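I opened the notebook on a new chain today. The plan was to look up salt bridges, domain contacts and backbone oddities, and to write down what turned up.

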Amino acid sequence: MTTTVAFLGPAGTFTEAALLRFAEAGAFGEAEIVQLPVSSPREALDAVRTGAASFACVAIENSVDGSVTSTFDALVDDGGVQIYRELELEIAFSIMVRPGMALSDVRTFATHPVAHQQVRKWLAENIPEAKFVPASSNAAAAEAVAEGRADAAAAPDRAAALFGLDVVADNVADLAGARTRFVVVGPRGVPTPRTGNDSTTVVFTLPNEPGTLVGALTEFSLRGVDMSRIESRPTRQEFGTYHFYVDLNGHIDDAPLAEALRALWLRADDITYLGSWPIPREEGRLEELETNLTRLQLATDWVLAAREGREGI
């Protein structure tokens, strides 16, 4: 028995590295993994929607440029999918060329546009005259070098071995410690079980009226639900209308977060739940969460006592 996982290919991308890490952690189950390389995050998610893949591994955010907007757009546009796992990878690139080529001979340089932003300083200092050639992925850039369509590429070190290239510089990153978040996406289903150190993402639209966003966000603050990210993207349906993407610290099984989502549903024109899943970094919030849940239970007990004519707590 096998499990097919779609990812931004070809082999040798950081997304493939994340996929392999997820597989080691058991995120896809115990079956043998069959990799399905595709050319974009949307294609990976569509593979899940059509049943061509059981899961997709996609990047959603990096510490240099922020959200991977193409992924978030694809998550929402056609629905039917949900996030189940997350991990972070530290990102540094190897600069690779065909065997025998000197760095001084490089005239064209290929990589993914996001990666290009992360190595621009190195390029300016080492091959300032090289023309940038955008690629669909970093490994696709390495493949272009191997096929003679570009002179040099920035890609993971594994890509050099896969495509028979020489590495002329390694650990290249304009910002040391740059990281990218990757997630496992599958068909809509029961969320990953609560761990106490979880993240939840919802996407919603609101009536185009004064104060609607403030009112929506107040539903989280009133219940002590911490919001770790908010971003807006055009709906692409009507000018001036936006999707609001919100990451929340907590799980849909946490009563305060569930109550906030119920209240948000009442305010929103449209709302999409993208999942609740464990996060790899320790936020140190478990004790605070348990305190809030205890207080919420006390409040519930007080209401029940009032209903039943008993003395409140």
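**Entry 1: Asp254 and its partner**

I started with Asp254. Asp254 counts as buried, because its relative accessibility is 2% and the cut-off for buried is under 20%. I kept in mind that this is a predicted model.

Next I looked up what the side chain of Asp254 meets. I found a salt bridge to Arg194, at 2.4 Å from N to O. The pair links distant parts of the chain, 60 residues apart. Asp254 sits in the loop between S14 and helix H9 (255-267). Arg194 sits in the loop between S11 and strand S12 (198-205).

Is Arg194 buried or exposed? Neither label fits: Arg194 is partly exposed, because its relative accessibility of 31% falls between the 20% and 50% cut-offs.

**Entry 2: Arg181**

I moved on to Arg181, which I located in strand S11 (residues 179-187). Its relative accessible area is 8%, so I logged Arg181 as buried.

Which side chains does Arg181 touch through polar contacts? I noted Glu61 at 2.6 Å. I also noted Glu86, at 3.0 Å.

Then I checked Asp247. Asp247 and Arg181 form a salt bridge, with the closest N and O atoms 3.6 Å apart. Here too the pair joins distant parts of the chain: Asp247 belongs to strand S14 (residues 242-249), Arg181 to strand S11, and 66 residues separate them. I found both Asp247 and Arg181 buried.

I followed the links outward. A network of salt bridges connects Glu61, Glu86, Arg181, Arg229, Glu231 and Asp247.

**Entry 3: Salt bridges in general**

How many salt bridges does the rule count? I wrote down 17.

I picked one more to look at, Glu147 with Arg149. Their closest N and O atoms are 2.7 Å apart. Glu147 is exposed, and Arg149 is exposed as well. I set this beside the pair of Asp247 and Arg181, where both residues are buried.

**Entry 4: Domains**

I looked up the domain assignment. It gives domain 1 as 1-90 + 179-189, domain 2 as 94-169, domain 3 as 190-282 and domain 4 as 286-312. Domain 1 is thus written as two segments.

I then took domain 1 and domain 3 as a pair. Their C-alpha centres lie 22 Å apart. The contact draws on 20 residues of domain 1 and 21 residues of domain 3. About 1800 Å² is buried between these two domains, and 48% of that is on carbon and sulfur atoms.

What crosses the interface of domain 1 and domain 3? I counted two salt bridges by the rule. I also noted nine residue pairs in polar contact, both residues at pLDDT 80 or more.

Which elements supply the side of domain 1 that touches domain 3? Helix H3 (69-77) and strand S5 (81-90) each give at least two residues. S5 has the largest share, eight residues. By type, I listed seven nonpolar, four polar and nine charged residues on that side.

I closed this entry with another salt bridge from the search. Arg233 pairs with Asp73, and the closest N and O atoms are 2.5 Å apart.

**Entry 5: Arg107**

I looked up Arg107 and found it in the loop between strand S6 (93-97) and strand S7 (108-111). What does Arg107 contact, leaving aside neighbours within four places in sequence? I listed Glu129, Ala130, Lys131 and Asp151.

I also checked one distance. Arg107 and Ala141 are 34 residues apart in sequence, and their C-alpha atoms are 14 Å apart in space.

**Entry 6: Backbone oddities**

Most peptide bonds are trans, and most residues other than glycine have a negative phi. I went looking for exceptions.

Gly9 and Pro10 are joined by a cis peptide bond, with omega at about 5 degrees. I placed Pro10 in the loop between strand S1 (2-8) and helix H1 (14-24).

Asn171 has a positive phi, near 55 degrees, in a residue other than glycine. I found Asn171 in strand S10 (residues 166-172). Asn171 counts as exposed, because its relative accessibility is 65% and the cut-off is over 50%.

Key: Residues numbered from 1 in each chain as written. Predicted model: local features only at pLDDT ≥ 70, side-chain atom pairs only at ≥ 80, totals over all residues. Heavy atoms only, no water. Helix = DSSP H or I, 4+ residues; strand = E, 2+ residues; numbered from the N terminus. Buried < 20%, exposed > 50% of the residue type's maximum accessible area, 1.4 Å probe, protein only. Polar contact = N/O pair within 3.5 Å; in protein donor to acceptor, adjacent residues only side chain to side chain. Domains from an automatic or database assignment. Contact = heavy atoms within 4.5 Å. Buried area = accessible area lost by both parts, 1.4 Å probe. Salt bridge = Lys/Arg side-chain N within 4 Å of Asp/Glu carboxyl O. Nonpolar A, V, L, I, M, F, W, Y, C, P; charged D, E, K, R; others polar.
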